[in-house]
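Subject: Structure for you to look through

Dear colleague,

I am passing on the structure that we talked about, and I would be glad if you kept it open beside this message while you read. My notes on what was found in it follow directly below.

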Amino acid sequence: MIRRIIEIDKEKCNGCGLCAKACHEGAIGMVDGKATLLRDDYCDGLGDCLPVCPTGAITFVEREAAAYDEAAVQANMAKKGQSPCACPGSQSKLLEVQEKMAAKREEAAIPVAVPSRLRQWPVQIKLAPMKAPYFDGAKLLIAADCTAYAYGNFHADFMKGKITLVGCPKLDMVDYSEKLTEIIRQNDIQSVTIVRMEVPCCGGMEMAAKKALQASGKFIPWQVVTISTDGRILDQ
């Protein structure tokens, strides 16, 4: 079948091994000091390995490849004594501290209806047009879906005064960079803010936005803000 799968440029690979550690399916291994795709059917095509590669040696390609075999991955990981797909972004946790703090603030505050700061529709990157009047002169916010749920004041702190586009690189299984490139290229975008979660798979959002900025040929101010799973701003 023809499907999306990773490709590793051995010339660019510096042998750091970060991609092999980031691959939760065991599809990448180190052979003769270089990262190697061990089996096509172990690669799910989600690209958790891409954001961690410091040299840009890993890319997506569309080619003839065996279908992803989850059963084979589970058997291989069990053989190694590891849990398959132990993605940090999928690990369960109860955020009791944040919930208790929020409850205390709500008890002390006077209830006020908080207005939405959404300025356009649709918001999903996959559904958004490549050219629209609201993009002209816009400050663009490109955000991972989960950020709005993790960060309580998302509308006021990030969406206010911006045009918002959201998506999930892991679940959508699509490379946003081409569409974002055209949105930036075809419209008068004034700035770009990228908001992502701290989990590795969310690096795909950051990488797509940066790639789009570069490919657009424009020099636009941009920044990346990382949100922790317990709702804190880690860096910006």
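I begin with a small enclosed space, the second largest cavity, which holds about 60 Å³. Its lining is made up of Cys13, Asn14, Gly15, Cys16, Cys19, Ala35, Cys53, Pro54, Thr55, Ala57 and Ile58, and these divide into eight nonpolar residues, three polar ones and no charged ones. Please keep in mind throughout that this is a predicted model.

The count of cavities of 30 Å³ or more comes to two, and the largest cavity has a volume of about 90 Å³. This largest cavity is lined by 13 residues, and those nearest its centre are Cys23, Glu25, Asp44, Gly47 and Cys49. Its lining, in contrast to a lining without charge, includes three charged residues, along with eight nonpolar and two polar ones.

The largest pocket, which is open rather than enclosed, contains about 590 Å³ of space. It is lined by 29 residues, and the closest to its centre are Leu50, Gly204, Met207, Ala208 and Lys211. Strand S4, helix H6 (169–172) and helix H8 each supply at least two residues of this lining, and the largest share, eight residues, comes from H8. By character, the lining of the largest pocket divides into 13 nonpolar, seven polar and nine charged residues.

It may help to step back to the whole protein, which has eight helices and nine strands. Of its 236 residues, 42% count as buried. If you take the contacts with a separation of 6 or more, 74% of them are accounted for by residues 24 or more positions apart.

Which residues touch the most other members of the largest nonpolar core? Of the 23 residues in this core, they are Phe135, Leu140, Ile142, Leu165 and Val192. The elements that give two or more residues to this core are strand S5 (139–144), strand S6 (163–167), helix H7 (177–186), strand S7 (191–197) and helix H8 (203–216). Here too H8 is worth your attention, as the largest share of this core, five residues, comes from H8. Apart from this core lies another one, of 22 residues, which includes Ile6, Ala35, Ala72 and Val73. As general background, nonpolar side chains in soluble globular proteins tend to be buried together.

To see one core residue in its surroundings, look at leucine 140, which, leaving aside residues up to four places away in sequence, touches Phe135, Ile163, Leu165, Ile189, Ser191, Val192 and Thr193.

Strand S1, residues 2–8, is mostly covered, with five of its seven residues buried. S1 pairs with strand S4, residues 58–64, in the antiparallel sense over seven bridges, and arginine 4 stands opposite glutamate 62 in S4.

Four single residues also deserve a careful look. Threonine 147 is found in helix H4, residues 147–150. Is threonine 147 buried or exposed? Threonine 147 counts as buried because its relative accessibility is 0%, and the cut-off for buried is under 20%. Its contacts, again without residues up to four places away in sequence, are with Phe154, Val195, Arg196, Met197 and Ile227.

Aspartate 32, by contrast, is exposed, with a relative accessible area of 78%. Aspartate 32 sits in the loop between strand S2 (28–31) and strand S3 (34–37), and it has a positive phi of about 55° although it is not a glycine.

Proline 122 lies in the loop between helix H3 (96–108) and S5, and the peptide bond that leads from tryptophan 121 to proline 122 is cis, with omega near 0°. For comparison, most residues other than glycine have a negative phi, and most peptide bonds are trans.

Proline 200, finally, is in the loop between S7 and H8 and is partly exposed, with a relative accessible area of 29%. Proline 200 and leucine 50 are 150 residues apart in sequence, yet their C-alpha atoms are 9.5 Å apart in space. Leucine 50 is also one of the residues closest to the centre of the largest pocket, so you may like to find the two together on your screen.

With best wishes

How values were computed. Residues numbered from 1 in each chain as written. Predicted model: local features only at pLDDT ≥ 70, side-chain atom pairs only at ≥ 80, totals over all residues. Heavy atoms only, no water. Core = buried A, V, L, I, M, F, W, Y, C linked by side-chain atoms within 4.5 Å. Buried < 20%, exposed > 50% of the residue type's maximum accessible area, 1.4 Å probe, protein only. Helix = DSSP H or I, 4+ residues; strand = E, 2+ residues; numbered from the N terminus. Contact = heavy atoms within 4.5 Å. Pairing = 2+ DSSP bridges. 1 Å grid on protein atoms, 1.4 Å probe; cavity = no way out; pocket = protein on both sides within 12 Å on 5 of 7 lines; lining within 4 Å. Points joined across faces, edges and corners; volume = space filled by probe spheres on them. Nonpolar A, V, L, I, M, F, W, Y, C, P; charged D, E, K, R; others polar.
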